[in-house]
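This report looks at how charged side chains pair up in one protein chain, and at how far the paired residues are covered by the rest of the chain. Please keep the sequence and the structure at hand while reading.

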Amino acid sequence: MKKRTLIRGMMICLGLTAFILCVMYIVNFRQMKTDESGKQNEDSAISVIVNLGRVPVQLTIPGVYRMGPFRYEKNQFIRKEGDFISWEELEQQGIITLEDGQLSTPWTEGDYGPENSLAQKNIDGVVVLPDKVTSIAEGTFSNCNISEIILPDGLKEIGKNTFYHCSELMFVSIPGSVKYIDESAFAGCRKLKSVTFHTGLEKIEKNAFYECSGVMEISLPQGLSEIGEGAFRECRGLKNVHIPDSVRNIGSGAFRGCGADKIKIPHQVEEIGPCAFQGVIYIDYNGSAIFGNKDKFWGAESMNERN
């Protein structure tokens, strides 16, 4: 009898745990924008849904949306409304500076050198940039706990180390207005799962996505001409890679250490640097670039017979 009671109790606990987890995976967060008359406007509702780790956002107001903790209410777990910091507040507090379209943050002297301590302390969660941002200065959001960044369509340049080691960043979409992704812009974002590129991007610089080990697939856009040295180096989860025929130069170690079994290189590619595909099992290429005797197949294990 005691044994049956114990088993029944364990089953109830397991069922309750599964229910709680399911509820925690799907959460709604709403913040209503108030118009000038003081009434809430349903059409301008801001909603965030947390679903299996994904944070798809449908937001209209630029600022920082910090998710609050879970609480138990009305027989279910819901997430408390987090803090919202408007862009105006960020500028007034000196956390962010926006001048002539360039976004930056002040740097102070830390224990190990200059650091963006104000940004690290105040910017986390989902960040929505205003439309007037055209470039992001070096290191602006480095080491911030951002989970998702919404970039404006008018953005043209993502600077060096902009999102360096944003360890919670999971999703990013690069608008077609961006022509240039600078050195180490997203390096060390190990939780990054998805990067969406759009036509308009021309160059990806050195180590731009170094050690983004969570990314499993990339489709580079038509119009891209150069993939810099180590651009996707040590992206060990990367299985599928699409390189457009507009690419002319692939830098040394560009895909070194990625997890792809096969990569097709367009024959239009003219230059391929040493060890560009080291660790890749097979590459398919019929272009004119030449590999060295000590760098056979640019580091790949095998390659097709060229015509």
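Of the residues of the protein chain, what percentage count as buried? In this predicted model, 45% of the 307 residues of the protein chain count as buried. The accessible surface of the chain comes to about 16500 Å², and 49% of that surface belongs to carbon and sulfur atoms.

**Overall build**

The secondary structure of the protein chain consists of three helices and 27 strands. Among the contacts between residues at least 6 apart in sequence, 27% join residues that are at least 24 apart.

**Salt bridges**

When the whole structure is searched, six salt bridges are found, and the table sets out three of them with the distance between nitrogen and oxygen.

| Basic residue | Acidic residue | N to O distance |
|---|---|---|
| Lys-203 | Glu-205 | 3.2 Å |
| Arg-236 | Glu-234 | 2.6 Å |
| Lys-264 | Asp-284 | 3.7 Å |

The salt bridge between Asp-284 and Lys-264, with N and O 3.7 Å apart, links distant parts of the chain, since Asp-284 lies in strand S26 (residues 282–285) and Lys-264 in strand S24 (residues 262–265), 20 residues apart. Asp-284 is buried, with a relative accessible area of 16%, whereas Lys-264 counts as exposed at 53% relative accessibility.

Salt bridges with shared partners also join Lys-203, Glu-205 and Glu-226 into one network. Within this network, the closest N and O atoms of Lys-203 and Glu-205 are 3.2 Å apart. Lys-203 is partly exposed, at 23% relative accessibility, while Glu-205, with a relative accessible area of 18%, is buried.

Turning to the remaining pair in the table, is Glu-234 buried or exposed? Glu-234 counts as buried because its relative accessibility is 19%, and the cut-off for that class is under 20%. Its partner in the salt bridge, Arg-236, has a relative accessibility of 53% and therefore counts as exposed, the cut-off here being over 50%.

**Reading the pairs together**

For the reader who wishes to inspect these sites in turn, the acidic residues to look at include Glu-205, buried at 18%, Glu-234, buried at 19%, and Asp-284, buried at 16%. Their basic partners include Lys-203, which is partly exposed at 23%, Arg-236, which is exposed at 53%, and Lys-264, which is exposed at 53%.

Notes
Residues are numbered from 1 along each chain as its sequence is written. This is a predicted model: local features need pLDDT of at least 70, side-chain atom pairs count only at pLDDT 80 or more; totals for chains, interfaces and linings use all residues. Side-chain values use heavy atoms; hydrogens and water are left out. A salt bridge is a side-chain nitrogen of Lys or Arg within 4 Å of a carboxyl oxygen of Asp or Glu. Buried means under 20% relative accessible area, exposed over 50%, partly exposed in between (1.4 Å probe, protein chains only). Helices (H or I, at least four residues) and strands (E, at least two) are DSSP runs, numbered from the N terminus. Contact means heavy atoms within 4.5 Å. Accessible areas come from the Shrake-Rupley method with a 1.4 Å probe; for residues, only the protein chains shown count as cover.
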